[in-house]
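Please read the following walk through the model alongside the sequence and the coordinates. The account moves from the whole chain to single helices and then to single residues.

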Amino acid sequence: MNKTQKPVRYLLPLLQADFIILLRNRRAVLVSVMLPLVLLFASANQRSQSAQAGPSIMVVLAVTIGLLSLAIIGYASAVARDRERGVFQRLRVTPAPTWTIMVSRLLVQLLVGLTVAIAVLTIGARMDHISVSGSEYVNTMLVATLESALFLAVGQALVGLVKSAAMVNSLGSLLFVALALSGLWSIGGPLGSGFQEFAKWTPVGTVVTIFQSALHQVAWNLATTLSLIACFGYIVLFLLIGIKWFKWEAR
């Protein structure tokens, strides 16, 4: 077997193991699915009174908050917990390349994120009696992949900077609330237009802007292009932090 095949040979068993771990961590996945659905049902009356021709902004926010929860509350907490249990330390002594250990987990999270995004969009469209086109589903998958990558990079930076699993859980909850609120404020709020403009350039604000254009709620413009650039910048920044300071052992 040549060298290019070896990583794949190790990656497949890791993917299988990570899927099993994910299924055992059903509570975090359930929370990530329930949060956007609760948001959809809570805003059902508001959406029914508006004359939306396509998926509403609340559907965009619901998908975004679901993916944010999956990465910050689910992924970051699971990585920190497994590090304290010595899971990564044991995996590092196996023949599997180090990078495959983390790539496996990230791929599983991306797949779950896509599933959550499509499910929320489908349910939201049915609730609002909206016909979602094939291009909108494709755009949703593309933006959900981008969102998941960004939020997972934030989660990776969190577990890179903080070793304690308990502290990761606490800071992760605060970070989730702060980022979720920034997404809400990016589309309007009581704090004024100046704060709204600031919120648009936060990690969640940038992906909300991109998502709105992808679902044809607003036209693709310069602000959307700059948001896309900022989003990739955030991904690179948080990944560099998460990789540079990540410790494979809790001590």
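About 12,800 Å² of the protein is exposed, and carbon and sulfur atoms supply 68% of that area. Of the 251 residues, 47% count as buried. The model is a predicted one, with a mean pLDDT of 83 and with 89% of its residues at 70 or more. Confidence varies along the chain: among the elements, helix α11 (residues 222-244) has the highest mean pLDDT, 94, and helix α3 (residues 44-48) the lowest, 61. Where pLDDT is low, the predicted coordinates should not be read in detail.

The protein has eleven helices and zero strands, and its pattern along the sequence is accordingly written α-α-α-α-α-α-α-α-α-α-α. Among contacts with a separation of 6 or more, 76% join residues that are 24 or more positions apart.

Helix α6 covers residues 98-127. With 30 residues at 1.5 Å each, α6 should span 44 Å, and the 45 Å between its end C-alpha atoms agrees with this. Two residues of α6 can be placed relative to earlier parts of the chain. Ala119 is found in this helix and has a relative accessible area of 36%, so it is partly exposed. Its C-alpha lies 9.5 Å from that of Leu37, although Ala119 and Leu37 are 82 residues apart in sequence. Ile123, also in α6, counts as partly exposed because its relative accessibility is 32%, between the limits of 20% and 50%. Ile123 and Val59 are 64 residues apart along the chain, and their C-alpha atoms are separated by 9.2 Å. Just after α6, His129 takes a positive phi of about 55°.

Helix α8 runs over residues 165-185, and its 21 residues reach 30 Å from the first C-alpha to the last, close to the 30 Å expected at 1.5 Å a residue. At its N-terminal end, Ser164 acts as a cap, with a side-chain oxygen 3.4 Å from the backbone nitrogen of Ala166. Which residues of α8 are buried? They are Ala165, Val168, Gly172, Phe176, Leu179, Ala180, Ser182 and Gly183. Seen down the axis of α8, these buried residues fall within an arc of 150°, so they line one face of the helix. The general geometry is relevant here: an α-helix has 3.6 residues a turn, so residues three or four places apart point the same way. On the face of α8 turned away from the buried side are the exposed residues Ala166 and Leu174.

After α8 the chain enters a loop that leads to α9 (193-199), and Ser186 has its place in this loop. Is Ser186 buried or exposed? Its relative accessibility is 4%, so Ser186 counts as buried, the limit for that class being under 20%. A polar atom of the Ser186 side chain lies 2.6 Å from the backbone oxygen of Gly183, and Gly183 is itself one of the buried residues of α8. Leaving aside neighbours within four places in sequence, Ser186 is in contact with Gln196, Ala199, Lys200, Gly205 and Val208.

Helix α11 has 23 residues and reaches 33 Å between its first and last C-alpha atoms, close to the 33 Å expected at 1.5 Å a residue. At the start of α11, a side-chain oxygen of Asn221 comes to within 3.1 Å of the backbone nitrogen of Ala223. The buried residues of α11 are Thr224, Ser227, Cys231, Ile235, Phe238, Ile241 and Gly242. Their packing partners include α7 (134-161) and α10 (203-214).

Two residues of α11 add detail to this picture. Ser227 lies in α11 and counts as buried because its relative accessibility is 2%. Apart from neighbours within four places in sequence, Ser227 is in contact with Trp201, Thr206, Thr209 and Ile210. Val236, also in α11, has a relative accessibility of 49% and so counts as partly exposed. The C-alpha atoms of Val236 and Leu150 are separated by 8.8 Å, while the two residues are 86 residues apart along the chain.

Notes: Residues are numbered from 1 along each chain as its sequence is written. This is a predicted model: local features need pLDDT of at least 70, side-chain atom pairs count only at pLDDT 80 or more; totals for chains, interfaces and linings use all residues. Side-chain values use heavy atoms; hydrogens and water are left out. Helices (H or I, at least four residues) and strands (E, at least two) are DSSP runs, numbered from the N terminus. The expected span of a helix is 1.5 Å times one less than its number of residues. Buried means under 20% relative accessible area, exposed over 50%, partly exposed in between (1.4 Å probe, protein chains only). The arc is that of the directions from the helix axis to the C-beta atoms. A polar contact is a pair of N or O atoms within 3.5 Å; within protein, one must be able to donate a hydrogen and the other to accept it, and residues adjacent in sequence count only if both atoms are side-chain atoms. pLDDT is the predictor's confidence in each residue, from 0 to 100. Contact means heavy atoms within 4.5 Å. Accessible areas come from the Shrake-Rupley method with a 1.4 Å probe; for residues, only the protein chains shown count as cover.
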